[in-house]
Amino acid sequence: MNLIGKEVIHKSLGSGQIVSQTGKIITVRIGEKQMKFLFPSIFNSIMTIQDKSIQQEIQELCETENYQINRQQEERMTEFEQRFAPTPESKASKAKRARKYKDNNNVAIKCNYCDGGMNDQTFGYKGVCSDEVLRQNVSVIKRPWCSAAECECKRYTKGEINRAELEQMNQNGTFICYESRLLKDWVASIGRVQREKRTDKPK
């Protein structure tokens, strides 16, 4: 599908024209700037193409990609649940464990799903989420950090920065989230409060 020269409308940045297409990356000229976007994901909800003759074809590509992403997520979640399913524990063992940890000094770390850097060898957690997972975490599920005003991913979904800028921030060491660097730095956190008067205070 040749998209070069096609007119598009970005939800927040306005109209532009596709000037190049390489694999899954399209470059769009909007005003004086040229911005790179992931294809076809960008056409899920952020951008539309004015050529109605190929709109349906792009929509079908988006639906196929979304289906594959959802299926992969379900498969990975099933595998994860099977690998880490709790083993039955007797009442005596539960009581013993409760006495042992009654001082409540344990910390539980919860990670949101991140497919950044995913390949045949790793589940992800090594870069910025794909557009679909990012949209789920920011706009649909509204994860506390993902949907916080200070989050760069939130700024990306609002159109304040583009995908290339977001990726570059991550490469330069700008904090995106702990998930995006979990398997690169092996660093995690119990997080920060994202509500009421204690917003952004460390837990």
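Tyr-178 is partly exposed in this predicted model, with a relative accessible area of 32%. That puts Tyr-178 in the middle category because 32% falls between the 20% that marks the upper limit for buried residues and the 50% above which a residue counts as exposed. Phe-175 ends up in the partly exposed group too, with a relative accessible area of 32%. What do these two residues do with their rings? A search of the whole structure turns up three aromatic pairs, and Phe-175 with Tyr-178 is an edge-to-face one. Their ring centres sit 5.0 Å apart, and the planes make an angle of 70 degrees. Trp-145 joins in as well, so to speak: Trp-145, Phe-175 and Tyr-178 make up one aromatic cluster.

Another aromatic pair is made by Phe-39 and Phe-43. It's edge-to-face, with 5.9 Å from centre to centre and 85 degrees between the planes. Are Phe-39 and Phe-43 buried or exposed? Both of them are buried.

Now for the overall layout. The chain has six helices and five strands. Going along the sequence, the order is β-β-β-β-β-α-α-α-α-α-α. Of the 203 residues in the chain, 31% are buried. The chain exposes about 13,500 Å², and 49% of that comes from carbon and sulfur atoms. Among contacts with a separation of 6 or more, 41% link residues that are 24 or more positions apart.

On the strand side, S1 (residues 7–10) is a handy place to start. Strand S1 has two faces: Val-8 and His-10 are on the covered one, while Glu-7 and Ile-9 are on the uncovered one. Which strands does S1 pair with? S1 runs antiparallel to strand S2 (residues 14–22), joined by four bridges, and S1 also pairs in the antiparallel sense with strand S5 (residues 47–49), over three bridges. Ile-9 has a partner in each neighbour: Ser-15 stands opposite Ile-9 in S2, and Thr-48 stands opposite Ile-9 in S5. S1 and S2 make a hairpin, with three residues between the two strands.

A further hairpin is built from S3 and S4, with two residues between the strands. Strand S3 (residues 25–30) and strand S4 (residues 33–38) are antiparallel, and six bridges hold the pairing. Ile-30 faces Lys-33 of S4 across this pairing. In this hairpin, Gly-31 has a positive phi, near 65 degrees.

Next come the helices, with H3 (131–140) up first. The buried residues of H3 are Asp-131, Glu-132, Val-133, Leu-134, Asn-137 and Val-138. They pack against S4, helix H1 (52–83), H4 and H5. After H3 comes Lys-142, with a positive phi near 55 degrees.

Helix H5 (163–171) follows H4 (152–157), with a loop between them that contains Asn-162. Which residues of H5 are buried? They are Arg-163, Leu-166, Met-169 and Asn-170. Viewed down the axis of H5, these buried residues fall within an arc of 125 degrees, so they line one face of the helix. It helps to recall that an α-helix has 3.6 residues a turn, so residues three or four places apart point the same way. The buried residues of H5 pack against S4, H3, H4 and helix H6 (182–185). Past the end of H5 comes Gly-173, which has a positive phi near 95 degrees.

Finally, Asn-162 itself deserves a look. Asn-162 counts as buried because its relative accessible area is 7%, which is under the 20% cut-off. At the start of H5, a side-chain oxygen of Asn-162 comes within 3.1 Å of the backbone nitrogen of Ala-164. The side chain of Asn-162 also has a polar atom 2.7 Å from the backbone nitrogen of Glu-165. Which residues does Asn-162 touch, leaving out those up to four places away in sequence? They are Met-35, Lys-36, Phe-37 and Tyr-156.

Technical notes:
Residues are numbered from 1 along each chain as its sequence is written. This is a predicted model: local features need pLDDT of at least 70, side-chain atom pairs count only at pLDDT 80 or more; totals for chains, interfaces and linings use all residues. Side-chain values use heavy atoms; hydrogens and water are left out. Buried means under 20% relative accessible area, exposed over 50%, partly exposed in between (1.4 Å probe, protein chains only). A polar contact is a pair of N or O atoms within 3.5 Å; within protein, one must be able to donate a hydrogen and the other to accept it, and residues adjacent in sequence count only if both atoms are side-chain atoms. Contact means heavy atoms within 4.5 Å. Two strands pair if DSSP finds at least two bridges between them. Accessible areas come from the Shrake-Rupley method with a 1.4 Å probe; for residues, only the protein chains shown count as cover. Rings of Phe, Tyr and Trp (its six-membered ring) pair if their centres lie within 6.5 Å; planes under 30 degrees apart count as stacked, over 60 as edge-to-face and the rest as tilted. The arc is that of the directions from the helix axis to the C-beta atoms.
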